[in-house]
Amino acid sequence: MPLRKILCLISILTFAVLAGRIEAGARSAALSKQQQVEVGLNKADIVGKGYVLRVRLGADEATVSGFLPRSSVAKENDAKIDSVLIAKRILELAPQVTRVTCNFYEEENPKVTYAVAVTISDVKAFGSGLVSIDQLLKSIKVQRTTVAHAAQPARAGISVQRQVIKASVPGMTIRKQVLRTFEDPVSHLRFSYPAACELLHDSDSDTIIKLMRFSDGCAYDVRYARSSANPGISANAAVGFIRTFFLPTLKNCNIVDQKWLQLGASHNTTGSALIFTFTGDDGQRFKQQMVVFPDRGDQNRLKILAMTSDAKHFDRGLMDYNGILLSLQEADPASLSRTSSVVRPGHRSSPSNEVTEQVFRHANLEISYPIGWLVKNNPDENDIVKITSPAKINWAQISLSAHPAISSVTLAEFAEAIHQDFASKINFKLVKQIHDAGGQKRNIEGERLVGTVPSPKVPLLLHLFFFQSGGIYYSLGLTTAGIDEQHASKQFDHLVERIKLH
């Protein structure tokens, strides 16, 4: 998925005055406004632990200076991303600021500087979903210059600690278990995982694999994060976006830790890890650790390996999770097996003993849906079923509805009537309407509509396929949030192709 998909940047951005939270009591009063902003900004660890940012605060403008970490690969993109995150934090701490200028220096060559200007409108447009991450970064300009004498921004003892993953977790009993090997030539990835884990299908086309260990209530998933227009964004910058724009959208979210981890059996891959807790829609408290690390074969991509569980039982899954992290290998595709004990759903044919989809039957009709999705029969009037993905980030829902056919109304006219009804009730905006055919043999004639629906958090994308059978008009729909149009269209194509009439 584009970077906005893997980094889950789907929330509406709200600004709150947080200056009173910078320092408590008398200490806060003793600091000037500029010092308060500088302290609050450095607490956010935007450019990484150990890297200090200096702030000069004006009436409506702030200037920030600091080093770009040596680990930055695409320095101009990292400078843009860090500038957006810095601007967002400063706007929270000093709401009167309308423009933030950042001057970054290469740590390995301080004579090279990157100047980036970000306005409040840039941050608000991105946070509200009006522009994508690619559009935002394209609109922001970087001025790279080389000066005769090296600049000396604050260094303050730069020392980035990289933690080596342990094979076991203190206080946990080591359990002997059978391991399987996951191999995928598409992602150039290989790792070991407990055989007790079950494969879950995920609608997100950038999910490489999703595993669930039901006995411990732990879910593990590996996914891509990609920015097609802005290659080489660092893992640290990606985690910064997640912290700044996604985590605030989670209920009662608290960051537990952020650190660097050395992954793989030889500890030769560096990942940026983020641990946080949040409250689910049902009131249950969850804990998640995600590790973002570079894709060695594609500079446009990062990979994310995450574990989510009930917060009380998080440590139960840590040993398995650490085992997966330790076994990670990114190999040449030629060295990977042609077949694998676990498949990447939707990308390669499944072995006969693997089930990635289930079938829902109604009368003479069958539709397929990913295994692990929640099925709710007859949820509303005219609705036969709604099938919802378990994903809390890149959400999707399949719906199937039935309406008695009217002899004087064609299927195209019926589809147009639904379009107009949606337009008036939920502000549905039509993107495309075409005559189409469904079923594996393309023998089910129908009408397809694609449109968007505004939402407080992220615009919803709605695909509908109308077809007729046995005096009934059927509507098969796919609603997605946080999934780009290209990938959502591929998912819906698959749904439509899997329709069966008996």
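In this predicted model, helix α3, which spans residues 33-43, and helix α4, which spans residues 75-93, have axes that come within 10 Å and cross at roughly 135 degrees. That angle makes α3 oblique to α4. The crossing of these two helices is right-handed. On the α3 side, the contact is made by K33, V37, G40 and L41, and on the α4 side by I86, R89, I90 and L93. Sorted by class, the residues in the contact of α3 with α4 are five nonpolar, one polar and two charged.

Helix α4 also has a second partner, helix α7, made up of residues 235-246. Here the axes are 10 Å apart and the packing angle is about 20 degrees. The two helices α4 and α7 are therefore roughly parallel to each other, the limit for that description being an angle under 35 degrees. In this case α4 passes α7 in a left-handed crossing. From α4, the residues D78, I81, D82, V84, L85 and K88 take part in the contact, and they meet A237, G240, F241, T244 and F245 of α7. By class, this contact of α4 with α7 has six nonpolar, two polar and three charged residues. Helix α4 thus takes part in a right-handed crossing with α3 and in a left-handed one with α7.

With these helix pairs in view, the wider setting can be described. The secondary structure of the protein comes to 10 helices and 26 strands. The protein has 502 residues, and 54% of them are buried. Among the contacts with a separation of 6 or more, 58% are between residues that lie 24 or more positions apart.

Two buried residues, one in a strand and one in a helix, show what such surroundings look like in detail. T63 has its place in strand β2, which covers residues 61-68. Its relative accessibility is 17%, and T63 therefore counts as buried, since the cut-off for that label is under 20%. Not counting residues up to four places away in sequence, T63 touches R54, V55, R56, T101 and N103. V496, in turn, sits in helix α10, formed by residues 485-497. V496 counts as buried because its relative accessibility is 0%. Leaving aside neighbours within four places in sequence, V496 is in contact with A437, G438, G439, R448, F465 and L476. One of these contacts brings together distant parts of the chain: V496 and G438 are 58 residues apart along the chain, yet their C-alpha atoms are separated by 5.1 Å.

Aromatic side chains come next. The structure holds nine aromatic pairs. One of them is formed by F276 and F278, a tilted pair with 6.0 Å from centre to centre and 35 degrees between the planes. Both F276 and F278 are buried. Together with F286, the residues F276 and F278 form one aromatic cluster.

The loops offer a further set of details. A265 is found in the loop between β12, residues 251-263, and β13, residues 269-279. With 66% relative accessibility, A265 counts as exposed. Even so, once neighbours within four places in sequence are left aside, A265 is in contact with L326 and L328. The C-alpha atoms of A265 and Q329 are separated by 8.0 Å, although the two residues are 64 residues apart along the chain.

Two other loop residues draw attention through their backbone angles. A363 lies in the loop between β17, residues 357-362, and β18, residues 365-370. Its phi is near 50 degrees, a positive value in a residue other than glycine. The relative accessible area of A363 is 73%, so A363 is exposed. R442 belongs to the loop between β22, residues 429-438, and β23, residues 444-453. Phi of R442 is likewise positive in a residue other than glycine, with a value near 55 degrees. At 41% relative accessibility, R442 counts as partly exposed, a label that applies between the limits of 20% and 50%.

Definitions and conventions. Residues are numbered from 1 along each chain as its sequence is written. This is a predicted model: local features need pLDDT of at least 70, side-chain atom pairs count only at pLDDT 80 or more; totals for chains, interfaces and linings use all residues. Side-chain values use heavy atoms; hydrogens and water are left out. Axes are lines fitted to C-alpha atoms, for helices over the stretch in contact, and angles run from 0 to 180 degrees between N-to-C directions. Helices (H or I, at least four residues) and strands (E, at least two) are DSSP runs, numbered from the N terminus. Angles under 35 degrees count as roughly parallel, over 145 as roughly antiparallel, 65 to 115 as roughly perpendicular and the rest as oblique. A crossing is left-handed if the near helix is turned anticlockwise from the far one by less than a right angle, and right-handed if clockwise. Contact means heavy atoms within 4.5 Å. Ala, Val, Leu, Ile, Met, Phe, Trp, Tyr, Cys and Pro count as nonpolar, Asp, Glu, Lys and Arg as charged, and the others, Gly among them, as polar. Rings of Phe, Tyr and Trp (its six-membered ring) pair if their centres lie within 6.5 Å; planes under 30 degrees apart count as stacked, over 60 as edge-to-face and the rest as tilted. Buried means under 20% relative accessible area, exposed over 50%, partly exposed in between (1.4 Å probe, protein chains only).
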